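Colleague: I've got the sequence and the coordinates open and would like to go through them with you. Could you put them up so that we can start?

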2 protein chains.
Amino acid sequence: MAESFNFDRETAVEQLGDGLWRGHIHSSWNIGDNPNGGYLVSVITSALSQVLPHPDPITVTTHFLRPGVPDADCDIKVEVIRTGRTLSTARASLIQEGKTRLEVLAGFGDLSVRAGRDAPLTIPPSALPPPDQCIARSGETQGVVLPILGRLDTRLHPDHARAGQLPVAEISGWNRFVDDRPPDTRSLLLFTDTFPPSPFSMLGVIGWVPTIELTVHVRRRPAPGWIQARLHCEDLHQGRMVESGALWDSNGDLVAQCRQIGLVMDRN
Amino acid sequence: MAESFNFDRETAVEQLGDGLWRGHIHSSWNIGDNPNGGYLVSVITSALSQVLPHPDPITVTTHFLRPGVPDADCDIKVEVIRTGRTLSTARASLIQEGKTRLEVLAGFGDLSVRAGRDAPLTIPPSALPPPDQCIARSGETQGVVLPILGRLDTRLHPDHARAGQLPVAEISGWNRFVDDRPPDTRSLLLFTDTFPPSPFSMLGVIGWVPTIELTVHVRRRPAPGWIQARLHCEDLHQGRMVESGALWDSNGDLVAQCRQIGLVMDRN
């Protein structure tokens with residue numbers, strides 16, 4: 001993908017040495033004062049894409065150990081664990097100010113290659129009004145400044161855009177890059193992490209919901225256009241929540257599934 | 001847990017040096033000629049439990065790179081990535097015959113400690129007949145020898161016990177250790193991986209379904225007694241499937257959620 005798009009330019013990395021890469025964390029992807037987690041993952045997969053022989057991130061697990069530092073360089077250490085014929089596996093660490101911020105374990109493959117048998121099994125998209133009938137995500141509603149909205153056009157289901165109105169913890173909506181960069185399998189990792197936390201629709205403004213760990217499974221290469229997402233929290237117990245989600249492309253094909261464990265902190 | 005139980009004795013590890021542990025892979029946990037994946041994960045978490053200061057595996061991601069070797073020793077290399085007040089994070093590799101077989105990235109915490117706010121959100125167990133009205137898992141039905149059945153009592157929902165009878169890819173049933181070892185948070189990692197693959201109920205005998213990656217989130221400490229599980233595959237595309245599942249304890253409380261990406265190979 002040419003670097004004429006914001007996402008490619010602002011996730012670009014250069015190799016410093018064997019297994020060592022350098023990038024720059026741009027504050028244009030911030031949620032409040034912190035870089036968006038999906039953006040940080042995208043910087044890491046920018047390095048992984050150049051190291052591994054397979055083009056598509058099939059499974060990417062990220063542990064968020066510390067917040068990223070905006071407007072600062074980052075080092076990315078990559079260790080290839082195995083390179084097989086159909087799958088390659090690597091770990092990577094994103095380091096700033098001498099401390100590991102994110103730790104990733106990922107498997108890359110080639111989604112254009114058949115790996116076994118099919119079955120009439122998939123997840124259809126939900127009944128979501130078209131983007132122009134959805135509500136643009138707003139920092140005011142969420143109680144946080146959202147510089148990332150200068151990079152992403154995020155529209156929420158009208159029923160999910162207001163805080164604390166629903167009996168369930170669910171968020172759905174649409175996402176695209178504001179500069180019309182087409183989605184690819186790498187950018188799906190970003191799009192799993194660009195909506196308000198799903199408990200927002202049930203509990204209201206809930207402050208910071210730090211992700212402990214996020215795993216994304218990319219299922220298909222996306223068609224051009226909007227990406228649709230639905231995220232829901234099925235279990236919140238003593239502050240620890242598991243949130244699951246799915247993404248579809250403009251054809252309505254499932255393109256990614258995601259699940260994270262995060263914390264729903266008490267309000268101060 | 002005392003080593004008077006099979007699971008503890010056969011997942012025991014001893015420290016060889018800084019970050020290096022040794023265990024033994026017992027063929028008593030085999031599925032056919034290969035050690036069960038959940039058993040191999042349990043040997044790794046046996047080492048992690050001794051290294052990390054927190055007692056419960058909150059999130060454990062395993063990449064299955066190569067089959068384990070039964071009746072052979074294994075080395076386990078552990079690297080602690082971060083030790084925080086409420087969470088500690090580590091990676092681990094299980095190595096046999098000089099090759100990494102499994103790679104793990106895990107976060108441990110303390111499930112007896114409140115981490116934030118609650119909500120009336122959880123997943124209730126499904127309507128599963130009691131164990132004595134379910135059907136004991138059988139190697140003949142699955143077309144494979146199952147030494148693991150000497151260690152685990154696994155009962156399947158009568159509707160799910162026959163191959164290829166259902167319009168959906170779903171497996172549910174009960175699990176316990178044959179020697180009455182009570183379940184704990186570490187053994188839940190095993191119990192997420194001890195049922196036939198869920199496409200079995202829809203597609204029939206499907207041969208080997210190798211797991212690429214499995215992530216388990218442990219949600220609560222289990223009460224003594226049977227563990228109930230439900231696993232289903234929602235998307236199978238060109239041989240790659242995502243299977244999600246949930247486990248409940250004898251009180252009906254959700255104790256773990258799991259998701260894996262695996263391959264459904266063509267039959268030879």
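Colleague: Which residues does A:Gly150 touch, not counting those up to four places away in sequence?

Modeller: Contact here means C-beta atoms, placed from the backbone, within 7 Å of each other. A:Gly150 sits in the loop between α3 (139–142) and β10 (152–156) of chain A, where helices (H or I, at least four residues) and strands (E, at least two) are DSSP runs numbered from the N terminus. Leaving out residues up to four places away in sequence, its partners are A:Ser28 and A:Val178.

Colleague: What pLDDT do side-chain atom pairs need to count?

Modeller: Residues are numbered from 1 along each chain as its sequence is written, while chains are lettered from A and ligands numbered from 1 in the order in which they are written. This is a predicted model, in which totals for chains, interfaces and linings use all residues, local features need pLDDT of at least 70, and side-chain atom pairs count only at pLDDT 80 or more.

Colleague: Back to the glycine, then: is A:Gly150 buried or exposed?

Modeller: A residue is buried with 20 or more other C-beta atoms within 10 Å of its own, exposed with 12 or fewer, and partly exposed in between, the C-beta atoms being placed from the backbone. A:Gly150 has 12 others within 10 Å, so the verdict is exposed.

Colleague: How far apart in space are A:Gly150 and A:Asn30?

Modeller: In sequence, 120 residues separate A:Gly150 from A:Asn30. In space, C-alpha to C-alpha, the separation is 9.9 Å.

Colleague: Which residue in the loop between β7 (88–96) and β8 (99–109) of chain A has a positive phi?

Modeller: That loop holds a residue other than glycine with phi near 50°. The residue is exposed, with 10 other C-beta atoms within 10 Å. The name you want is A:Glu97.

Colleague: And what is phi of B:Asp180?

Modeller: B:Asp180 lies in the loop between β11 (170–177) and α4 (185–191) of chain B. B:Asp180 is exposed, with 10 other C-beta atoms within 10 Å. Phi is positive, in a residue other than glycine, and is near 65°.

Colleague: Moving to helix α2 of chain A, how far apart are its end C-alpha atoms?

Modeller: The expected span is 1.5 Å times one less than the number of residues. For the 15 residues of α2 (residues 37–51) in chain A that gives 21 Å, and this agrees with an end-to-end C-alpha distance of 22 Å.

Colleague: How many residues of α2(A) are buried?

Modeller: Among the buried ones are A:Gly37, A:Tyr39, A:Ile44 and A:Leu48. The helix is largely enclosed by the rest of the structure, because the buried count, out of 15, is 11.

Colleague: Which residues touch the most other members of the largest nonpolar core?

Modeller: A nonpolar core is a set of buried Ala, Val, Leu, Ile, Met, Phe, Trp, Tyr and Cys residues joined through C-beta atoms within 7 Å. Leaving aside neighbours within four places in sequence, one member of α2(A) is in contact with A:Ile76, A:Ala92, A:Leu94, A:Leu102 and A:Val104. In the largest core, with 132 residues, the residues touching the most other members are A:Ile44 and B:Ile44.

Colleague: Which residues of chain B does A:His63 touch?

Modeller: A:His63 lies in strand β5 (residues 56–64) of chain A and counts as buried, with 27 C-beta neighbours inside 10 Å. Not counting residues up to four places away in sequence, its partners in chain A include A:Leu102 and A:Ile212. From chain B come B:Thr89, B:Leu105 and B:Gly107.

Colleague: What rotation superposes chain B on chain A?

Modeller: Copies are superposed by least squares on C-alpha atoms of residues with pLDDT of at least 70 in both. The shift along the axis is 0.0 Å, the RMSD is 0.0 Å and the rotation is 180°. The two copies are thus related as by a two-fold rotation axis, and the share of chain B's contact residues that recur in chain A is 100%. So, for the angle you asked about: 180°.

Colleague: How many residues does chain A bring to the contact with chain B?

Modeller: Chain B puts in 50 residues, and chain A likewise 50.  The count for chain A is 50.

Colleague: Last one: what is the radius of gyration of chain A?

Modeller: Chain A has 5 helices and 15 strands, and buried residues make up 51% of its 268 residues. The radius is taken over C-alpha atoms, and the globule rule is 2.2 Å times the number of residues to the power 0.38. A compact globule of 268 residues would come out near 18 Å, which agrees with chain A's 18 Å.

Key:
Contact = placed C-beta atoms within 7 Å.
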